[in-house]
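Have a look at the protein below and turn it around a few times. Then we'll walk through it together.

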Amino acid sequence: MKNETSENNVADNFAKKEIAPQWQTLKANRLERNEFMYCNELISDIKFYIGKTKQILIPAHKYVLGTSSPVFFAMCCSEFRKDDVININDCEPEPFLELLRFIYYDQVHLNKTNALDILYLADKYIIPSLSKECVNFLLDNVSTENVLEVLSASLCLNEKRLEKHCWSILSRKTKEILQSDSFLEIDPSFLIKIIKKDCLDVLEIDVFEAVKRWVERECFRNSIEPTSNNKRVFLNEILPLIRFPVMSAKEFALSPAQSDLLSLEDIKNIFIYLTSGVGGSNLNYPLNPRHFKPHVCNRYVKPMKNYLWRYDEKDIDAIRFKVDQEILLAGIGLFGSPCGGEYFTEISISINDEEIFKSKSAFVSPPDPKFNNIDNPKIHEVMFDEPIHLKEGIFYDIAVLLDGPPSFAGDDGKQEVIEEGVNFVFKNSSGSTNGTSYDEGQIPSLLFYF
């Protein structure tokens, strides 16, 4: 079908640029000259009809496109291409214009509305530098409101960094996300990916209630009456993933058992298991509870033998480190006493002596006779109220002021640790006055998310 937009109406879409005599001499560099040519009909030798429904005409230049993207090179410069007008109907004009803006003069106007569409185009036309810009923007702007949309796109586009970050948010804010309107809009295959996850911070009854809301919407989307039989059809692959056996008997009785989604045989077997703990092998549902926990970077190879780390009022244990990709630091690990005791901590994080974080907390190290000769002493996790965003390639100093009895310490520390694909590099900190270094002492671990 012939496109209704004519080439003559390009002036309606873009204001014609006035061309001064010897305009080239008024531009200071190549980028300024290319910016002038962006969406300019002047010496344009190719045009695009862009839009999923109503299309607009955009002029461009084969040389700029062909030298920026191998896909555009094949589209524009192929010896078999006879016309110089290309229809593109898988995107709207605005993200395509931002793609061209980046190609012409290395700028892109990203926002929460267009970033995913521009990332799709950057991937489609193989422009990795623009993909990186979009991913970096999204990493800073993923929230509980848009995480499912961004995660879905990152899975489709194989953007691993973005995918890791989204799964981390979903793992930490599971209940809030399951209660959101955006959760109701996901497709069944994506829902299955989510509820298969072990690392989710949510009660299983909340998972079930979210699935109930989702299947109501799925029936509506498919114009099907939301009867129990119809719901069970949509939930055929989903219900077996819900961990009914980890619910309390009361939770199960008040909702799943009365939902008409489970068979009477399943309800009977689950009740028997919940009240007696027997018959687990007869159940068609997972028995293991979900457990949310951060990734752990351990610094020491072994504990220090025959020596206890001591503290006074002013001595600080500190370590310096950097990472090769952005992470969220969720907390740190600290050694406790083999004889038990309470510890009060003041933790600060700084960059070049400028403090960016400070908190106070406490933990109790319980006494245990086995600790006397233990080869693997317990590490106590001190979590921050909110994770701290750490950037790649920047050295951070973590300083800890401890008040408590002498504790275990680590030995044979590693200057470089790779954990979950993140490369941690450790150095001595000038702020360490209690002896902790990359090689020995306190702060045995860092706890992080993506």
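Here is a short tour of one helix and two loop residues. Keep in mind that this is a predicted model.

Let's start with helix 5, which covers residues 93-105. With 13 residues at 1.5 Å a residue, helix 5 should span 18 Å, and its end C-alpha atoms are indeed 18 Å apart, so the two values agree. Is this helix out in the open or enclosed? Since 12 of its 13 residues are buried, helix 5 is largely enclosed by the rest of the structure. Among those buried residues are Phe96, Leu97, Leu99, Leu100, Phe102 and Ile103, and Glu98 and Arg101 are on the list too. Right after helix 5 comes aspartate 106, which has a positive phi, near 60 degrees.

Now hop over to leucine 241, in the loop between helix 13 (228-234) and helix 14 (249-254). Its relative accessible area is 19%, and because buried means under 20%, leucine 241 counts as buried. Which residues does it touch, leaving aside its neighbours within four places in sequence? Leucine 241 is in contact with Ile192, Ile195, Lys196, Pro286 and Arg290.

Last stop: threonine 436, in the loop between strand 14 (422-427) and strand 15 (445-449). Threonine 436 is buried, with a relative accessible area of 4%. Its side chain makes a polar contact of 2.5 Å with the side chain of aspartate 317. A polar atom of the threonine 436 side chain also lies 2.9 Å from the backbone nitrogen of glutamine 442. Setting aside neighbours within four places in sequence, the residues in contact with threonine 436 include Arg299, Tyr300 and Trp309.

Terms used
Residues are numbered from 1 along each chain as its sequence is written. This is a predicted model: local features need pLDDT of at least 70, side-chain atom pairs count only at pLDDT 80 or more; totals for chains, interfaces and linings use all residues. Side-chain values use heavy atoms; hydrogens and water are left out. Helices (H or I, at least four residues) and strands (E, at least two) are DSSP runs, numbered from the N terminus. Buried means under 20% relative accessible area, exposed over 50%, partly exposed in between (1.4 Å probe, protein chains only). Contact means heavy atoms within 4.5 Å. The expected span of a helix is 1.5 Å times one less than its number of residues. A polar contact is a pair of N or O atoms within 3.5 Å; within protein, one must be able to donate a hydrogen and the other to accept it, and residues adjacent in sequence count only if both atoms are side-chain atoms.
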